[in-house]
Amino acid sequence: MAIRLSGLSSGLDTESIVAELVKAKSTKKEKLEKEQKKFSWKQEAWKTLNSKIYSFYSKTLSDMRMTSDYSKKTTKASSSAVTVITGGSAPNCVQTMKVENMAKAGYLTGGKLADSKSDGYTAESKLTSLGIEEGSKFSVTSGGATKEIEVTSETTINDVLTAMREAGLNANFDETNQRFYISAKATGKENDFSITADDAAGLDALSKLKINEADLASETVRINGENAKIMLNGIEYESDTNTFEINGLTITVNAKTDEEITLTTDQDTEGIYKMIKNFFKEYNELINEMDKLYNAESASKYQMLSSEEKEAMDEDEVKEWENKIKDSLLRRDSTLSTVSQAMKEIMLTGITMKDGSKKFLSEFGIATLGYFNAADNEKNAYHIDGDEDDSSTGTNADKLKAAIAKNPEEVTEFFSTLTRNLYDKLGELMARKEDYSSAFTVYNDLSMKKEYDSYTSKIKAQEELIADYEDRYYKKFSKMETAMAKLNSQQSSLSSLFGS
């Protein structure tokens with residue numbers, strides 16, 4: 001910016017005068033800036049609401065629109081010796097089972113290499129210090145792979161552990177107890193391991209390491225890997241883990257049993273109820289917010305604040321003032337009305353069932369509280385009769401739970417169709433509209449961005465116009481100052497002539 005020195009001859013405050021002369025233009029620029037700021041708040045309001053609508057669409061509705069989403073079942077076991085996860089394909093029936101054997105991982109506890117840590121060995125001890133001959137060989141086999149270990153003058157206990165780990169085992173040497181602890185990484189017979197030698201030198205090495213299970217004097221304790229076995233309805237099943245997947249059931253055995261266990265599989269009415277209840281919770285929160293935004297009080301008397309106005313107010317006053325404006329940004333918004341009305345109509349219309357009958361939410365004990373009973377902006381929220389968490393309808397008879405227990409197929413058909421209708425409608429409203437909106441967006445975000453950018457262009461153009469006007473006025477004042485300086489100079493010359 002050029003430095004302007006003005007008013008030297010005239011004594012006028014030309015900067016203040018120019019500011020007044022371009023005030024109308026500056027006021028217009030400030031108005032545009034305020035409008036752009038308010039518009040950015042509206043963009044943010046829509047962005048926040050759209051995020052909630054999309055979440056409802058992609059999660060809640062998406063997880064309830066297929067009949068398979070309602071295939072919730074539960075299995076009760078008569079003993080804690082088993083735990084069961086029930087899949088939707090599991091038959092509703094009573095079964096008997098018995099746990100004959102638990103799956104085990106192969107485990108070897110070595111004998112003591114020394115009586116105490118103080119006179120014993122460490123992981124860095126060489127095998128030759130245990131009296132093991134150089135050239136001795138032994139092998140570790142796990143999972144069908146074999147790792148051979150050959151003793152050299154530099155081979156240490158740690159080298160043995162490393163080789164065992166490379167073979168796929170858990171291996172450790174406890175210096176305090178002076179023992180090797182070796183185990184398979186997985187349960188089951190096929191995952192077991194073996195430590196063997198083909199000659200006397202190799203067998204002697206294993207005995208001196210106290211991991212030769214064939215040498216009774218080595219005090220080695222060996223647990224073989226075993227498979228789990230159960231009898232279910234008279235049929236034996238075997239698994240290398242303690243978990244079985246059989247006909248829709250995932251059965252985990254926790255203990256061996258002597259008595260038969262009863263497994264009772266039935267429809268999970270509570271799970272279906274909770275899913276439907278959660279749907280209405282999510283729907284109510286969304287529709288209440290949309291109604292609140294649409295029915296917001298007018299903030300026409302609250303204009304955007306200028307910097308000077310903000311300085312004259314404290315922080316809380318500014319925040320309260322601006323919140324009044326923000327709360328009203330989507331008041332009577334036509335796009336908001338279109339979305340909320342579409343959702344309300346689907347909830348009210350009812351569902352035509354496969355048998356030709358038409359059912360409504362009220363038949364399942366689900367309805368709004370009515371215009372005069374509901375709180376402001378909660379008139380379109382639904383309440384479930386018998387819902388213990390709802391103070392308005394919690395004491396009513398629970399028709400929904402009764403319907404799920406009596407006819408789960410009918411409940412599934414009704415609510416999967418209802419949520420699918422909502423899903424499809426929101427998907428239609430969120431479809432990309434060329435040059436207007438992006439995909440999965442209910443409002444015209446692209447159009448709003450263009451409008452926001454147009455404010456930026458208008459503000460820039462106004463700034464350039466102000467600069468042009470300022471330059472024009474300063475040039476005029478500059479010419480006046482030059483003329484006055486020239487006149488003053490002439491007067492000074494005349495005065496000096498007459499004075500002489």
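1. Let's start with one pair of residues: Ser139 has Thr196 as its bridge partner in β9. Strand β9 (residues 193–196) pairs with β5 in the antiparallel sense over four bridges. Two terms help here: helices (H or I, at least four residues) and strands (E, at least two) are DSSP runs, numbered from the N terminus, and two strands pair if DSSP finds at least two bridges between them.

2. A word on what you are looking at: this is a predicted model, in which local features need pLDDT of at least 70 and side-chain atom pairs count only at pLDDT 80 or more, while totals for chains, interfaces and linings use all residues. Residues are numbered from 1 along each chain as its sequence is written, and side-chain values use heavy atoms, with hydrogens and water left out.

3. Back to β5, which spans residues 137–142 and also pairs with strand β6 (residues 145–150), antiparallel and over six bridges. Along this pairing, Ile149 in β6 stands opposite Phe138. The hairpin of β5 and β6 has two residues between the strands, and Gly143 there takes a positive phi near 60°.

4. How are the strands ordered in the five-stranded open sheet? The order is β1-β15-β3-β11-β12, with antiparallel pairing. At the edges stand β1 (73–77) and β12 (235–239); each has a single partner strand, so one side of each is left without a neighbour in the sheet. On average, neighbouring strands of this sheet are turned by 30° against each other, direction ignored. For such angles, axes are lines fitted to C-alpha atoms, for helices over the stretch in contact, and values run from 0 to 180 degrees between N-to-C directions.

5. You can follow one edge of that sheet by finding β11 (residues 228–232), which pairs with β12 in the antiparallel sense over five bridges. Ile230 has Tyr237 of β12 as its bridge partner. As background, strands of a sheet pair through backbone hydrogen bonds, either parallel or antiparallel.

6. A four-stranded open sheet runs in the order β7-β8-β4-β10, again with antiparallel pairing. Its edges are β7 (169–174) and β10 (221–223), each with a single partner strand, so one side of each has no neighbour in the sheet. Here neighbouring strands are turned by 10° against each other on average, direction ignored. β7 pairs with β8 (residues 179–184) over six bridges, and Phe173 stands opposite Phe180 in β8. Helix α3 (residues 157–166) lies across β7 and β8 and runs at about 160° to β7.

7. Now for the helices. α5 (residues 269–294) packs against α8 (residues 334–349) at an angle of about 140°, with their axes 10 Å apart. Residues in this contact (heavy atoms within 4.5 Å) include Phe279, Phe280 and Tyr283 of α5, and Leu336, Val339 and Met343 of α8. The contact residues divide into 12 nonpolar, two polar and two charged. In that count, Ala, Val, Leu, Ile, Met, Phe, Trp, Tyr, Cys and Pro are nonpolar, Asp, Glu, Lys and Arg are charged, and the others, Gly among them, are polar.

8. Is Ser340, which lies in helix α8, buried or exposed? Ser340 is buried, with a relative accessible area of 5%; buried means under 20%, exposed over 50%, and partly exposed in between (1.4 Å probe, protein chains only). Not counting residues up to four places away in sequence, Ser340 touches Ile287 and Met290.

9. Which residues touch the most other members of the largest nonpolar core? Of its 52 residues, these are Phe280, Met343, Phe415 and Leu426. A nonpolar core is a set of buried Ala, Val, Leu, Ile, Met, Phe, Trp, Tyr and Cys residues joined through side-chain atoms within 4.5 Å. Helix α5 gives the largest share, 11 residues. Leu426 touches Ile53, Phe56, Tyr57, Leu61, Val339 and Met343, leaving aside residues up to four places away in sequence. There is also a second, separate core of 28 residues, with Val160, Ala167, Ala205 and Leu206 among them.

10. Finally, do look at Trp46 in helix α2. Trp46 is buried, with a relative accessible area of 2%. Its C-alpha atom is separated by 9.2 Å from that of Leu329, although the two residues are 283 residues apart along the chain. Beyond residues up to four places away in sequence, Trp46 touches Leu330, Asp333, Thr335, Leu336, Val442, Tyr443 and Met448.
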